[in-house]
Amino acid sequence: MKNFHYVLRLTHCALNSERGFVLIEFVIALPLILMLLYGLSQTVLTIFSTAQSQAADYVLEVEAQDVLTRITKDARAACYVKRAVTYSDQDFDTLIINYHSIKVEGSLDIVDVIEGRVYIVGNKPNYRLQAKRINDGTFLNPITGGNFFGDTVITCLKYSKLGERVMHIELEMKSSVTQKFIRLSTAVFMPACEHMEGF
Amino acid sequence: MNQRGFMLLSTVFLTLILSFTAMLALQAMTRVQNGDQSLKLHAINLANEQLAMVESLAAQNNLAAVKNFNGNDADLQNYGLYDENAEDKPPVEFNVTTNINAVNENLREVEVTVTWNENEISFKKLVRVNSP
C-alpha cells in the first residue's frame, strides 16, 4: 500500500512537469518555421525550374543540329536546288531539292519520277520545319517543335550561294520555354548539282 | 543512460537536406559540363562550311585559292545560347585554320581546325584533285 501511494505521487509529479507550448514560444517558432519552409520551397522550385530549362536548352540544340544535318545530307546528293521565299514578312526560305536530272515538272512518264525533298517552314504560330518528298506531295510530320521537354520555333532559315555548287544555310531557332535563341550556320558542297535556282 | 542516438525525425531531415544538395550538385555539374555545347555545335558547322568550300575549290582544281577560312565571315562570331539582351555582351570569336597536305598525286588531306575561347576542334577530310 505504501508503495502504491509512492507510485501515484511520482505519476502526479510527472504529469505536472509536462508542458505544451506557451504563446511566446509559438510566436517565435512560427516565423522560424515559415522562413525554413520558404527556403525549402524556393530550393525545390529552383531545382525543378533549372531541370526544365536545361531540358529545353538541350532540345533546342538537338533540334537545330538535326535541321542542319537533314538539309545538308539531302542537299549533298542534289542535282538541282531551288530557293523560294516562303512568306514575304518572315526570314524563311523554302528549299526544293531534286535528285533527278529532269528540272521541269509535269507530263512525266510513269517511270519518270522526280525524287526530291521540299523543306518549308509552317505558318503562325508554330513556325515548324516541315518536309515532303516532292513539291506536290503531302507534308510529313513536323521536324521541329512539339517536344514535350521544350517547344521550339524557327525564327530564321535562309539559304544562299557561297561558292560554286556550295549552298550556305543559316538557321536561328528559339525555345518557347526559356526564350533563348541559337544561331547556327553551315555550308554544303553539292558535287552533282547542275543548277541552283533563285540564289 | 543519457546517451541518445538519432531520432527518426533527425534522420528524415538529414536525408532531405542531403538529397536536395545532391540534386543541386548533379544539375550544376551537368550545366558546367554541357555549358559550351552550343558553341561546340557552331564550331562543328563552321568546320563543315570550310570543308565544303575546300571541296568546291578542289573540284575547280583551284586549291591555291584556299584560305584559312573561305566561308561567310559573319559566321566567325557566335553567341551560343543567347537571349534578347545578347548584344550587351560581346560574341565569342572563332578562329579557323586550314592546312592541306599532299597524300599522293590526286589526293589531298585537308585539316580544318576551329578554336574558340580555350577550346579546339579539328576535322580531316580527303579531297580529290585533278592531275596537273
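The exercises below, each followed by a worked solution, walk through a predicted model of two chains, A and B.

**Exercise 1. Find out what confidence the predictor gives to the complex and to chain B.**

Begin with the complex as a whole, for which the predictor gives an ipTM of 0.83 and a pTM of 0.80. Then turn to chain B, where the mean pLDDT is 87 and 94% of the residues reach 70 or more. Finally, look at the separate elements of chain B: the lowest mean pLDDT, 82, belongs to helix 1 (residues 8–34) of chain B, and the highest, 95, to strand 2 (residues 92–102) of chain B. As a general caution, where pLDDT is low, the predicted coordinates should not be read in detail.

**Exercise 2. Describe the overall make-up of chain A from its elements, its buried residues and its contacts.**

The secondary structure of chain A consists of 2 helices and 8 strands. Following chain A from the N terminus, one meets the elements in the order α-α-β-β-β-β-β-β-β-β. Chain A has 199 residues, and 31% of them are buried. For the contacts, consider those in chain A between residues at least 6 apart in sequence; of these, 49% join residues at least 24 apart.

**Exercise 3. Work out which parts of chain B touch chain A, and what kinds of residues they bring.**

First, count both sides: chain B contributes 26 residues to the contact and chain A contributes 27 residues. Next, assign the side of chain B to its elements, where helix 1 and helix 2 (37–59) of chain B are the ones that give two or more residues. Helix 2 of chain B gives the most, with 12 residues. Last, sort the residues on this side of chain B by type, which yields 9 nonpolar, 12 polar and 5 charged.

**Exercise 4. Decide whether helix 2 of chain A and helix 2 of chain B are roughly parallel or roughly antiparallel to each other, and name residues that meet.**

The geometry comes first: helix 2 (residues 23–76) of chain A packs against helix 2 of chain B at an angle of about 10 degrees, and their axes are 11 Å apart. Angles under 35 degrees count as roughly parallel, and therefore these two helices are roughly parallel to each other. At the residue level, A:Glu61, A:Gln65 and A:Leu68 from helix 2 of chain A meet B:Gln37, B:Ser38, B:Leu41 and B:Asn45 from helix 2 of chain B. The residues of this helix contact comprise 2 nonpolar, 4 polar and 1 charged.

**Exercise 5. Establish the order of the strands in the open sheet of 3 strands in chain A, and which helices pack on it.**

The sheet has the order 5-6-7, with antiparallel pairing. Strand 5 (152–163) and strand 7 (181–189) of chain A are at the edges and have a single partner strand each, so one side of each lacks a neighbour in the sheet. From one strand to the next, the twist averages 15 degrees. Strand 6 (residues 166–175) of chain A pairs with strand 7 of chain A over 9 bridges, and A:Val166 stands opposite A:Phe189 in strand 7 of chain A.

Now add the helices. Helix 2 of chain A lies across strand 5, strand 6 and strand 7 of chain A, running at about 160 degrees to strand 6 of chain A. Helix 2 of chain B also packs on the sheet and touches strand 5, strand 6 and strand 7 of chain A, while its direction makes about 20 degrees with that of strand 7 of chain A.

**Exercise 6. Explain why strand 3 (residues 116–121) of chain A is described as largely enclosed, and identify its partner strands.**

Since 6 of the 6 residues of strand 3 of chain A are buried, this strand is largely enclosed by the rest of the structure. The burial holds in both directions: A:Gly116, A:Val118 and A:Ile120 point one way, A:Arg117, A:Tyr119 and A:Val121 point the other way, and all are buried. Strand 2 (residues 93–98) of chain A is joined to strand 3 of chain A by 4 bridges, running antiparallel, with A:Ile96 opposite A:Val118. Strand 4 (residues 129–132) of chain A is likewise joined to strand 3 of chain A by 4 bridges, again antiparallel, and there A:Ala131 is the bridge partner of A:Tyr119.

Technical notes: Residues are numbered from 1 along each chain as its sequence is written. Chains are lettered from A and ligands numbered from 1 in the order in which they are written. This is a predicted model: local features need pLDDT of at least 70, side-chain atom pairs count only at pLDDT 80 or more; totals for chains, interfaces and linings use all residues. pLDDT is the predictor's confidence in each residue, from 0 to 100. Two residues are in contact if their C-beta atoms, placed from the backbone, lie within 7 Å. Ala, Val, Leu, Ile, Met, Phe, Trp, Tyr, Cys and Pro count as nonpolar, Asp, Glu, Lys and Arg as charged, and the others, Gly among them, as polar. Axes are lines fitted to C-alpha atoms, for helices over the stretch in contact, and angles run from 0 to 180 degrees between N-to-C directions. Angles under 35 degrees count as roughly parallel, over 145 as roughly antiparallel, 65 to 115 as roughly perpendicular and the rest as oblique. Two strands pair if DSSP finds at least two bridges between them. A residue is buried if 20 or more other C-beta atoms lie within 10 Å of its own, exposed if 12 or fewer, and partly exposed in between; C-beta atoms are placed from the backbone.
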